[in-house]
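Here is a short briefing on one protein model. It is grouped by topic for quick reading.

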Amino acid sequence: MTIEQDYIIVGGGSAGCVLAARLSEDPDISVTLIEAGGDGRGALIETPAAMVAMLPTKLHNWGFESLPQPGLNGRRSYQPRGRALGGSSATNAMVYVRGHRSDYDHWAELGNEGWSYREVLPYFRKAEHNERLHDVFHGRGGPLNVADSRSDNPFHEVFRQAAREAGYRLNDDFNGAEQEGLGSYQLTQKNGERWSAARAYLHPALGRPNLRVLTGAQVQRIVCAGRRATGVEITRSGMPELLRARREVLVCAGTLQSPQLLQVSGIGDGAALQRAGVDVVHHLPGVGQNLQDHVDFIFGHRLPSTDLVGLSPAGLLHAARQWKRWQRERRGMLTTNYAECGGFLRADWTSPAPDFQLHFVVGIVEDHGRRLHARHGLSCHVCLLRPASRGSVTLGGRTMAQPPVIDPRFYAEDQDLERMVTGFKMTRRLLDAPALASRTTRDLFTAGVHTDAQIRAVLRQRSDTVYHPVGTCAMGRGPMDVVDPQLRVHGMQGLRVVDASVMPTIPGGNTNAPTIMIAEKAAALIQRRHAVEPTATDRAEDAAALECLVC
């Protein structure tokens, strides 16, 4: 069976959902979106607290693992990735953070014209509907609903008080004029429910006659005629199908699987492909290289109370009692994203941007939630925002049936470990503040850890990913870059990559909002609209506010 469309989109994650919705706004364009998982609906996805059932399991989750990591004492890193329409936005902690403006200015400095902060901000705003904030930094009327937490968790104020006592500034908008500070995160939720990219963009577009969405369909390879992508081969219900693209194939399979798909299709490092038994279509050595991720450490403390949101059996039992409240009000514990509070800290005043991000959880998080604790507690993540270590994604076999070989190379660069020692100390300072220390009864993982050598040892023993891999199809014009600033694959025609894999360097924060921005901008590039046209009022506001950014 052969299907012919203008655009074939591979992967129904955040970027794929945005592209499918935006491109199909033009009734003269035909679009097919291919997703290996399900339709992105159901209680597990739509109930925020239910992420605790998906993150540590294979429910809507690829659940990959890395190679053993020397920097983590030989442990394998767990690598969850969403498997449903919405991708990881259907399974993540829903934190809406864009990164620091200097991240995007750096992309532009690397030769990626059009990707400076001033140039990407309109696409962040176009995507967003912020329930509380509306200014030069935030949008109203976009598909992606951004809201304050509705959990009514009393620990928000406890966290803020501890921040004050520790001497850290407070911040109620991490995406505004200044990122630094601690506070409560805004979330991609609407009316107390998860608002994934599928719910925001794709589901409202499903009635369009020019949009076809295939779920339960696994792309096997990109079909090429010479160096032009002409379509994809898929299997659905065990049967092979060929989909032809009249215009372009848009690869949106994510940081781990986009490079894998290019490689099994013969696009990558020629020598490595030949060793894997793959016929070389185009030698492009940067495919799968430049993997970056936020290495993360989690503190854990016990609490005497079980009458709060948490991951303990007692906490989950209390959450079950909240079910009726959630059905009635869409408030309370079932709206929790767990990582409700946090923020950004600089190592010292000389840092040009925050060096560390915190995610504060009322609940004991160990081994990605795969190890439950019978007692209630709290956890605090600290991650390094701009690691120097670089890893790779390579082939585990000739086909997409074999998982990719993931090697983040955590702590491969000594400077990452030394910087995390500083982040450890700054986070402990927060946890030792009276507002928090007076409520905890036991330090579960770091009791007796005081010297720098002891901190280094516990970091190696307990660090892992905080689920922000990027960079494996990096954007740029250098010999190891994979796509140009238009996101077109170097040396190929009719082929683009649009997802977090194109980020040349990792943003300082969670990566879902930047991925959605990339897809919004990509849609405009594809449609040859090179800018979002602002209103006259917007132009005046932007000129005044953005002038302040460079003051």
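In this predicted model, the second largest pocket has 19 lining residues. Those nearest its centre are Arg 75, Glu 366, Asp 367, Gln 461 and Arg 462. The space inside comes to about 370 Å³.

**Second largest pocket**
- Four elements each give at least two residues to the lining of this pocket: strand 4 (75-79), strand 18 (295-302), helix 14 (452-462) and strand 25 (464-465).
- By residue type, the lining of the second largest pocket holds 9 charged, 5 polar and 5 nonpolar residues.

**Cavities**
- The whole structure contains 6 cavities of 30 Å³ or more.
- The volume of the second largest cavity is about 100 Å³.
- Its lining includes Arg 98, Gly 99, His 100 and Arg 101, along with Tyr 104 and Tyr 117.
- The lining of the second largest cavity also includes the run Phe 174, Asn 175, Gly 176, Ala 177, Glu 178 and Gln 179.
- Sorted by type, the residues lining the second largest cavity are 5 polar, 4 nonpolar and 3 charged.

**Aromatic pairs**
- The count of aromatic pairs is 12.
- One of the pairs is Tyr 104 with Phe 124, which meet edge-to-face. Their ring centres are 5.7 Å apart, with 70° between the planes.
- Tyr 104 belongs to helix 4 (residues 101-109) and Phe 124 to helix 5 (residues 117-127), so this pair ties together parts 20 residues apart in sequence.
- Tyr 104 has 0% relative accessibility and counts as buried. Phe 124 also counts as buried, at 2%.
- Phe 155 and Phe 360 make a stacked pair, because their planes stand at 25°, and their ring centres are 6.3 Å apart.
- This stacked pair links distant parts of the chain, 205 residues apart. Phe 155 is in helix 6 (residues 155-166), and Phe 360 is in strand 20 (residues 356-361).
- Phe 155 is buried at 6% relative accessible area. Phe 360 is buried at 2%.
- Ring pairs also build a cluster from Tyr 104, Trp 107, Trp 115 and Phe 124.
- Tyr 104 thus appears in two settings: the ring cluster and the lining of the second largest cavity.

**Charges over rings**
- Lys 521 lies over the face of Trp 115, 5.1 Å from the ring centre. Trp 115 is a member of the ring cluster.
- Arg 370 places its charged end over the ring of Tyr 78, at 4.1 Å from the ring centre.

**Helix 1**
- How many of the residues of helix 1 (residues 14-23) are buried? The count is 10 of the 10, so the helix is largely enclosed by the rest of the structure.
- The buried residues of helix 1 include Ser 14, Gly 16, Cys 17 and Arg 22. Val 18, Leu 19 and Leu 23 are also among them, as are Ala 15, Ala 20 and Ala 21.
- In general, an α-helix has 3.6 residues a turn, so residues three or four places apart point the same way.

**A buried polar contact**
- Gln 186 sits in strand 8 (residues 186-187).
- The relative accessible area of Gln 186 is 5%, so this residue is buried.
- The side chains of Gln 186 and Asp 148 are joined by a polar contact of 3.0 Å.

Conventions
Residues are numbered from 1 along each chain as its sequence is written. This is a predicted model: local features need pLDDT of at least 70, side-chain atom pairs count only at pLDDT 80 or more; totals for chains, interfaces and linings use all residues. Side-chain values use heavy atoms; hydrogens and water are left out. Buried means under 20% relative accessible area, exposed over 50%, partly exposed in between (1.4 Å probe, protein chains only). Rings of Phe, Tyr and Trp (its six-membered ring) pair if their centres lie within 6.5 Å; planes under 30 degrees apart count as stacked, over 60 as edge-to-face and the rest as tilted. A charge sits over a ring if NZ of Lys or CZ of Arg is within 6 Å of the ring centre and within 35 degrees of the ring normal. On a 1 Å grid over the protein atoms alone, a cavity is a set of points where a 1.4 Å probe fits but cannot get out, and a pocket is an open set with protein on both sides within 12 Å along at least five of seven lines; lining residues have an atom within 4 Å of a point. Grid points are joined across faces, edges and corners, and a volume is the space filled by probe spheres set on the points. Ala, Val, Leu, Ile, Met, Phe, Trp, Tyr, Cys and Pro count as nonpolar, Asp, Glu, Lys and Arg as charged, and the others, Gly among them, as polar. A polar contact is a pair of N or O atoms within 3.5 Å; within protein, one must be able to donate a hydrogen and the other to accept it, and residues adjacent in sequence count only if both atoms are side-chain atoms.
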